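I am opening a notebook on this structure and writing down what I look up, one entry at a time.

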Amino acid sequence: MSLGARFLEQVDRAFDRAAGFTNHDPTLLANIRTCKNLFYTSFPIKRDDGRIEVMHAWRAEHSHHKLPCKGGIRYAEAVDAEEVQALAALMTYKCALVDVPFGGAKGGIRLNPKRYSPAELERITRRYVFELVRKNFMGPGLDVPAPDVGTGPREMAWIADTYTQLRPGELDAMGCVTGKPVSAGGIRGRVEATGRGVFYGVREVCSVAEDMQALGLSPGIQGKRVVIQGLGNVGYFAARFFQEAGAVLVGLAESEGAIADPNGLDLEKVMAHRRERRSILEFSGATNLTRREDALELDYDILVPAALERQITAENAPRIKAKIVAEGANGPTTTEADEILTRRGVLVLPDAYLNAGGVTVSYFEWVKNLGHVRFGRMQKRFEQNAYARLLHVVEGSIGRQFTPEQTERVTRGASEEDLVNSGLEETMTGAYHPIREVWKQHGGKVDLRTAALIVAIDKVALSYQQLGIFP
Ligand code: NAD
């Protein structure tokens with residue numbers, strides 16, 4: 001069984017467990033669970049040295065209950081049909097949880113991006129887009145990709161450029177993909193959105209004193225000992241926001257190994273060290289751990305797996321000392337590990353909720369592209385002037401003037417980034433409580449993952465019921 005097939009089984013088992021707590025018709029549940037469209041293509045590309053190589057690529061559209069479909073594109077060696085279906089299903093549940101009006105999708109190409117030059121990656125990406133467009137698997141109203149493992153703003157810019165060339169004159173063409181560089185139609189705050197969302201989610205969970213007491217922790221982020229697995233897009237930004245909020249990074253793991261320091265690692269210094277040495281190992285004052293997985297077994301409070309799926313298994317789950325596992329990655333915990341952690345009283349914050357910050361800000365980017373105007377452009381100056389008038393009235397009534405610094409602090413109008421971050425914070429904090437309510441309603445019979453999936457299934461079911469097809 002491939003890793004992808006195991007991952008799909010893991011996602012489907014989680015769905016089945018949650019579905020068992022709902023009263024929906026079995027045909028409706030079967031319809032929600034099943035992937036709607038699966039596209040496979042293979043195409044030849046020319047390497048820089050003239051050799052021809054055949055690439056294998058997929059796109060899965062798990063749900064069309066809302067359109068467009070939405071989901072990242074992954075460049076990794078393990079990509080297969082089952083992996084993209086598992087990730088696409090998670091996208092459906094994720095979008096439902098944070099009220100982002102999209103169906104779930106995911107795509108991928110089986111390759112290790114480190115083995116290809118930028119020119120080769122560009123040829124591969126553009127050809128993949130060509131194949132997707134040809135088969136109606138892409139478009140601002142159909143299916144909108146985004147970055148995932150192995151891809152980033154550069155690939156998204158190539159995707160947008162290829163799409164707009166294939167669809168000349170299509171007014172909303174820029175909404176065909178999200179995660180683009182700001183200069184190519186992207187939105188400020190998207191790059192850090194998933195990591196920031198992970199942080200907002202954990203902060204909200206940690207703010208509930210009753211739940212923290214049950215874990216033997218104090219409320220809040222300050223002083224919490226955190227381990228991060230994977231310092232890519234999600235892991236790096238999550239680590240940064242945790243550190244800024246006063247958490248202590250006691251362990252960091254990357255593909256080359258792991259380092260630990262009970263007094264805290266300085267993230268920016270570790271990143272600078274890694275850029276220089278191409279490794280986080282041998283960082284001054286830190287201990288090198290024998291195996292990268294050893295970071296998971298340190299003494300700490302919060303684990304953020306932010307690398308790949310199936311990292312926490314039945315083998316290592318009994319030794320994980322964290323009180324909270326905050327799933328930055330998709331599917332990092334196997335079904336068996338999940339059961340072990342829950343039995344041991346570890347609170348697992350599920351991927352479908354916790355890493356939804358990326359798709360939330362992708363949604364904002366798509367709305368911006370369809371609106372053809374930067375957020376804040378219309379109101380920033382108006383707000384600034386209104387606050388200034390208000391201060392002026394206050395100054396008149398108290399009989400003294402505010403300092404220029406005080407005035408500037410109060411009269412600032414919201415920029416695009418302010419609005420994006422505030423929308424993200426509102427989404428992540430607001431989305432947690434309906435999940436927690438279901439969790440509490442079932443009093444100990446379900447874990448947070450099951451509670452989140454119950455909430456997601458109910459929302460998707462409602463969309464289908466409104467069509468009048470299912471009872
Ligand atoms: P990325 O490629 O930027 O980062 C992944 C990092 O993990 C890399 O630096 C890699 O070297 C490291 N890594 C790989 N195997 C490891 C291991 N065994 N131990 C430690 N480190 C390891 O990818 P990303 O975009 O940050 O995505 C990470 C996870 O988050 C994936 O599961 C992805 O599906 C999920 N996710 C990403 C986004 C997004 O917006 N990028 C959104 C939601 C979910």
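**Entry 1, a loop residue.** I began with N136, which is partly exposed, because its relative accessible area is 48% (buried means under 20% relative accessible area, exposed over 50%, partly exposed in between, with a 1.4 Å probe and protein chains only). I found N136 in the loop between helix 4 (118–134) and strand 5 (143–147), where helices (H or I, at least four residues) and strands (E, at least two) are DSSP runs numbered from the N terminus. Its phi is near 60°, a positive value in a residue other than glycine.

**Entry 2, what kind of model this is.** I note that this is a predicted model, in which local features need pLDDT of at least 70 and side-chain atom pairs count only at pLDDT 80 or more, while totals for chains, interfaces and linings use all residues. Residues are numbered from 1 along each chain as its sequence is written, and side-chain values use heavy atoms, with hydrogens and water left out.

**Entry 3, further backbone angles.** I then looked at R278, which also is not a glycine and has a positive phi of about 60°; R278 sits in the loop between helix 9 (267–277) and strand 9 (287–289), and it counts as exposed because its relative accessibility is 75%. I also looked up P68, in the loop between strand 2 (52–61) and strand 3 (69–76), and noted that the peptide bond leading from L67 to P68 is cis, with omega near 5°.

**Entry 4, the two domains.** The domain assignment, whose bounds come from an automatic or database source, gives domain 1 (36–183) and domain 2 (193–354). Their C-alpha centres lie 29 Å apart, and 10 residues of domain 1 are in contact with eight residues of domain 2 (contact means heavy atoms within 4.5 Å).

**Entry 5, the ligand.** Where does the ligand lie with respect to domain 1 and domain 2? Both domains give residues to the shell around the ligand, so it lies between them. There are 22 residues around the ligand, of which R74, D148, T194, E254 and N330 come nearest (a residue is near if one of its heavy atoms lies within 4 Å). I looked for N or O pairs as well, and found that an oxygen atom of the ligand is 3.0 Å from a polar backbone atom of N233, and that a ligand oxygen is 3.2 Å from an N or O atom in the side chain of S255. On the side of the ligand's nitrogen atoms, one lies 3.5 Å from a polar side-chain atom of Q311. The ligand taken alone exposes 830 Å², and the protein buries 87% of that (areas by the Shrake-Rupley method with a 1.4 Å probe).

**Entry 6, a buried lysine.** Is K106 buried or exposed? K106 is buried, with a relative accessible area of 2%, and its place is in strand 4 (residues 103–110). The side chain of K106 makes a polar contact with the side chain of D148, at 3.2 Å (a pair of N or O atoms within 3.5 Å; within protein, one must be able to donate a hydrogen and the other to accept it, and residues adjacent in sequence count only if both atoms are side-chain atoms). D148 is also one of the residues that come nearest to the ligand.

**Entry 7, a buried alanine.** I last looked up A89, in helix 3 (residues 81–97), which counts as buried at 1% relative accessibility. Leaving aside neighbours within four places in sequence, A89 is in contact with V11 and H62.
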